[in-house]
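Dear colleague,

Please find below the structure that I am handing over to you. A summary of what was found in it follows.

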Amino acid sequence: ETIGTLEVTRKSIIPDGPDTPEDKKTGITVENPKDVKYDGKEHAQKPIVKDGKTGVTLEEGKDYEIVYPEDIKNAGEITATVVGKGDYEGSFEIKYNITKRDVTFTSATDSKQYDGNALTNGNVEITGDGFIEGEGATFNVTGSITNTGSTENTFTYELNEGTLASNYNIE
């Protein structure tokens, strides 16, 4: 009498694509993580990985691990790698974005009756998403007018130390 062998092999965790032939389909589907707005914190966003053939949502730590790039704090596209473990093998990439904050600087509008003295107004309003706590800018308002008429209330700005322009859409 001969005894046969039963073997269960690891399943590929690589999701089916639109061009995956029917006989190669694994039933793995992935919902990429949601985008998040820059807030100065690290964002290790999680995908949802499902095995359609077993009807199970796979578990991070048991069925797969996620390897994130070093910088998951600053604005930009994040590419992380999902690596199968346990009953699953193979790997694939997930992508999500940390989006920039929108910030608008507007210098003050002001007026007065002619008195021989220069009219200046150094106020600058910051609107939109604003800066995160601990970040910001310093303004140098240069607009000035003494005689009757009008002029633009011009200004320059410098981002504070530790504030990266690449995390903001500044207008």
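**Aromatic pairs and strand β10**

In this predicted model there are six aromatic pairs, where rings of Phe, Tyr and Trp (its six-membered ring) pair if their centres lie within 6.5 Å, and planes under 30 degrees apart count as stacked, over 60 as edge-to-face and the rest as tilted. The pair of Phe105 and Tyr157 is edge-to-face, because the ring centres are 4.9 Å apart and the planes stand at 75 degrees. Phe105 belongs to strand β10 (residues 101-107) and Tyr157 to strand β13 (residues 155-159), so this pair ties together parts that are 52 residues apart in sequence. Strands here are DSSP runs (E, at least two residues), numbered from the N terminus. Ring pairs also join Phe105 and Tyr157 into a cluster with Tyr38, Phe131, Phe139, Phe155 and Tyr168.

Phe105 is buried, with a relative accessible area of 7%, whereas Tyr157 is partly exposed at 39%. Buried means under 20% relative accessible area, exposed over 50%, and partly exposed in between (1.4 Å probe, protein chains only). Side chains alternate along β10: Arg101, Val103, Phe105 and Ser107 point to one face and are buried, while Asp102, Thr104 and Thr106 point to the other and are not.

β10 pairs with strand β14 (residues 168-170) in the parallel sense over three bridges; two strands pair if DSSP finds at least two bridges between them. Asp102 has Asn169 of β14 as its bridge partner. With strand β11 (residues 124-128), β10 pairs in the antiparallel sense over five bridges, and Ser107 stands opposite Val124.

Residues are numbered from 1 along each chain as its sequence is written, and side-chain values use heavy atoms, with hydrogens and water left out. As the model is predicted, local features need pLDDT of at least 70 and side-chain atom pairs count only at pLDDT 80 or more, while totals for chains, interfaces and linings use all residues.

Yours faithfully

Key. Helices (H or I, at least four residues) and strands (E, at least two) are DSSP runs, numbered from the N terminus.
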